[in-house]
Amino acid sequence: NRLAGMKRSGTTRARKLASLRHFLKFLKENGVISGNPAETVIRARKEEKDPTVLFKNEYKALLFEAQGNSRDYAILLTFLKSGIRESELAALEIEDIDLVHDTLRVREGKGKKERTIPLMPELKRALRRYLGDRDQQANILDDETLFLARNGTSLNPSSIRKLVKKYYTKAGVRKSGVHTLRYTFSAHNVNNGMPIADLQKVGY
């Protein structure tokens with residue numbers, strides 16, 4: 001309680017308690033004390049860290065670095081404007097994009113439930129641009145898959161993670177990970193007034 005009053009983190013308190021228990025156990029085993037009072041002390045919980053979120057200038061820097069590649073730009077923007085998971089992005093098919101009704105269908109979400117996400121204008125433009133370039137790709141092997149690798153096959157989650165990491169490095173942004181893009185999507189939407197209930201409908 002004293003350490004908690006000093007605003008020491010749960011991790012610090014747990015580490016100090018472990019050291020104290022070890023020392024008192026040594027004294028007990030060598031007959032210096034009859035019991036180990038630290039055994040009755042409840043271990044402090046480790047605090048959960050707040051999710052990492054990109055500032056506007058940071059995610060704009062990522063998009064700036066990717067603007068010369070329509071596929072990569074569309075991938076980054078899809079994460080930032082829809083909040084989908086990397087496995088869901090890898091599973092997207094061309095028919096999941098409805099440019100008429102401005103929706104994005106996610107068919108392999110958490111619990112295998114299908115859901116529909118609104119297609120924001122900026123993302124719609126990026127996807128339309130990518131689809132135009134995709135049509136010019138000569139070696140397409142996976143016709144239905146939306147995002148293709150250079151060899152014409154579908155991108156897997158590992159490739160997507162590497163792609164995203166590349167742009168973090170290029171943009172000089174120390175934060176990293178697809179999950180950071182997802183958290184950025186949710187944080188900025190909540191800050192802009194989106195109700196939590198609406199956020200849950202798109203997969204949170």
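Start with helix α6, residues 121-134, in this predicted model. The helix has 14 residues. From first C-alpha to last it reaches 20 Å, close to the 20 Å expected at 1.5 Å a residue.

Next, show the side chains of L123, K124, A126, L127, Y130, L131 and R134. These residues of α6 are buried. Now look down the axis of α6. The buried residues fall within an arc of 165°, so they line one face of the helix. Helix geometry helps here: an α-helix has 3.6 residues a turn, so residues three or four places apart point the same way.

What covers that buried side? Select α4 (70-82) and β1 (97-98); the cover of the buried residues of α6 includes both. Then turn to the face of α6 that points away from the buried side. There you find P121 and R125, which are exposed.

Move to helix α2, residues 10-29, and pick L20. Its relative accessibility is 43%, so L20 counts as partly exposed. Add F23 and F26 to the selection. With L20 they form a nonpolar patch on the surface. Together the three residues have about 310 Å² of accessible area.

Last stop: N57, in helix α3, residues 56-66. Is N57 buried or exposed? The residue counts as exposed because its relative accessibility is 57%, and the cut-off for exposed is over 50%. Now select V173 as well. N57 and V173 are 116 residues apart along the chain. Draw a distance between their C-alpha atoms: the separation is 9.9 Å.

Note on methods. Residues numbered from 1 in each chain as written. Predicted model: local features only at pLDDT ≥ 70, side-chain atom pairs only at ≥ 80, totals over all residues. Heavy atoms only, no water. Helix = DSSP H or I, 4+ residues; strand = E, 2+ residues; numbered from the N terminus. Buried < 20%, exposed > 50% of the residue type's maximum accessible area, 1.4 Å probe, protein only. Expected span 1.5 Å × (residues − 1). Arc of directions from axis to C-beta. Contact = heavy atoms within 4.5 Å. Patch = residues over 30% accessible without salt bridge, like charges linked within 9 Å, V, L, I, M, F, W, Y side chains within 5 Å. Areas by Shrake-Rupley, 256 points an atom, 1.4 Å probe, with all protein chains shown as cover. Salt bridge = Lys/Arg side-chain N within 4 Å of Asp/Glu carboxyl O.
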